[in-house]
Amino acid sequence: MLNIAELKFDEKGLIPAVVVDARTKKVLTLAYMNRESLQISLEEGRTCFWSRSRQELWRKGETSGNVQRIVSITADCDMDALTVEVDKNGPACHLGEDSCFHNPVFLKDGYQNFTMDSLMELIEGRKAEKKEGSYTTYLFEKGVDKILKKIGEEATEVIIAAKDEDKQETIYEIADLAYHVMVLMVEAGISLEDVRGELASRHVIDHKVKQEKMTK
């Protein structure tokens, strides 16, 4: 593990820290640390920065309650910048936004700022609002049996496309399957965080061997 003494702080004794959501990998904010705030962060397991405007230590969430629990801290190749992955409690931005980076400057034509989280929010909205003409709403109205039937159908389509070694079709069918599984998740009250947490807990996933019953 890196020693703090190896880091390169600027002439003001500061080092930039890019704070990232450990679950979604979304950039939350850009803050600065000095040696003291970094040491406090390491000791307390929560982000502590140096406020350049107030010229004082700033423990994130001290007044707002939006604490950021540290998962990892990594230095860049030049040792003069940090990424801090966190489990956050509430918005990162003082304006109440999830991330401080919410003001679009440029977006390439045809590019959509898609995330699994935004899709999940849309699906949850369809269940809550029951938008007329929406396929997602239709699935919720038909109930869990219809949703499960669609998952079975889409899983079969994935198998067929993969067996045919048709990459593009396999991608298409996997996307369909993922969407229908997410509809089931909303119906069953399962969140993306629940699934992420389960996957994160499987530290030896590459070493697990499925034990199958041997029949004579």
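Which helices are included in what covers the buried residues of H2? Keep that in mind while we set the ground rules. What you have above is a predicted model, with residues numbered from 1 along each chain as its sequence is written. Local features need pLDDT of at least 70, side-chain atom pairs count only at pLDDT 80 or more, totals for chains, interfaces and linings use all residues, and side-chain values use heavy atoms, with hydrogens and water left out. Helices (H or I, at least four residues) and strands (E, at least two) are DSSP runs, numbered from the N terminus.

Back to the opening question. The cover over the buried residues of H2 includes helix H3 (135–142), helix H5 (167–188) and helix H6 (192–200). Buried here means under 20% relative accessible area, exposed means over 50%, and partly exposed is in between (1.4 Å probe, protein chains only). In H2 itself, the buried residues are Met-120, Ile-123, Gly-125 and Arg-126. As a general point, an α-helix has 3.6 residues a turn, so residues three or four places apart point the same way. The length of H2 checks out too: the expected span is 1.5 Å times one less than the number of residues, and for the 14 residues of H2 (residues 116–129) that gives 20 Å, in agreement with end C-alpha atoms 20 Å apart. Right after H2 comes Lys-130, with a positive phi near 55 degrees.

Now turn to H5. Its 22 residues should span 32 Å, and its end C-alpha atoms are 31 Å apart, which agrees. Buried in H5 are Thr-170, Glu-173, Tyr-179, His-180, Met-182, Val-183, Met-185 and Val-186. Their cover includes H2, H3, helix H4 (144–163) and H6. Just after H5, Gly-189 has a positive phi of about 75 degrees. One of the buried residues of H5, Tyr-179, also belongs to a cluster: ring pairs link Tyr-135, Tyr-138 and Tyr-179.

That brings us to the aromatics. Rings of Phe, Tyr and Trp (its six-membered ring) pair if their centres lie within 6.5 Å; planes under 30 degrees apart count as stacked, over 60 as edge-to-face and the rest as tilted. Searching the whole structure gives three aromatic pairs. Take Phe-49 and Trp-58: their ring centres are 5.1 Å apart and their planes are at 50 degrees, so this pair is tilted. Phe-49 is buried, at 0% relative accessibility, whereas Trp-58 is partly exposed, at 29%.

Phe-49 sits in strand S3 (residues 48–51), where both faces are covered: Cys-48 and Trp-50 are buried on one side, Phe-49 and Ser-51 on the other. In general, the side chains of a regular strand alternate between the two faces of the sheet. Two strands pair if DSSP finds at least two bridges between them, and S3 pairs with strand S4 (residues 56–59) in the antiparallel sense over four bridges. Trp-50 has Leu-57 in S4 as its bridge partner. The hairpin of S3 and S4 has four residues between the strands, and in this hairpin Gln-55 takes a positive phi near 55 degrees.

There is also an open sheet of four strands, ordered S2-S1-S6-S5, with mixed pairing. S2 and strand S5 (68–75) are the edge strands, each pairing on one side only. S5 pairs with strand S6 (residues 82–88) in the antiparallel sense over seven bridges, and Ser-72 stands opposite Glu-85 in S6. Helix H1 (residues 35–44) packs on the sheet, where it touches S2, S5 and S6. A contact means heavy atoms within 4.5 Å.

On the S2 edge, look at Val-27, which lies in this strand (residues 27–33). At 35% relative accessibility, Val-27 counts as partly exposed. Leaving out residues up to four places away in sequence, Val-27 touches Val-18, Val-19, Val-20, Ser-99 and Phe-101. Val-27 and Glu-85 are 58 residues apart in sequence, yet 9.2 Å apart in space, C-alpha to C-alpha.

Finally, the cysteines. How many disulfides are there? With a disulfide taken as a pair of cysteine sulfur atoms within 2.5 Å, the count comes to zero. For Cys-93, the closest cysteine sulfur is in Cys-100, 4.1 Å away and too far for a bond. Cys-93 is buried at 6% relative accessibility, while Cys-100 is partly exposed at 27%.

Notes. Axes fitted to C-alpha atoms, helices over the stretch in contact; angles between N-to-C directions.
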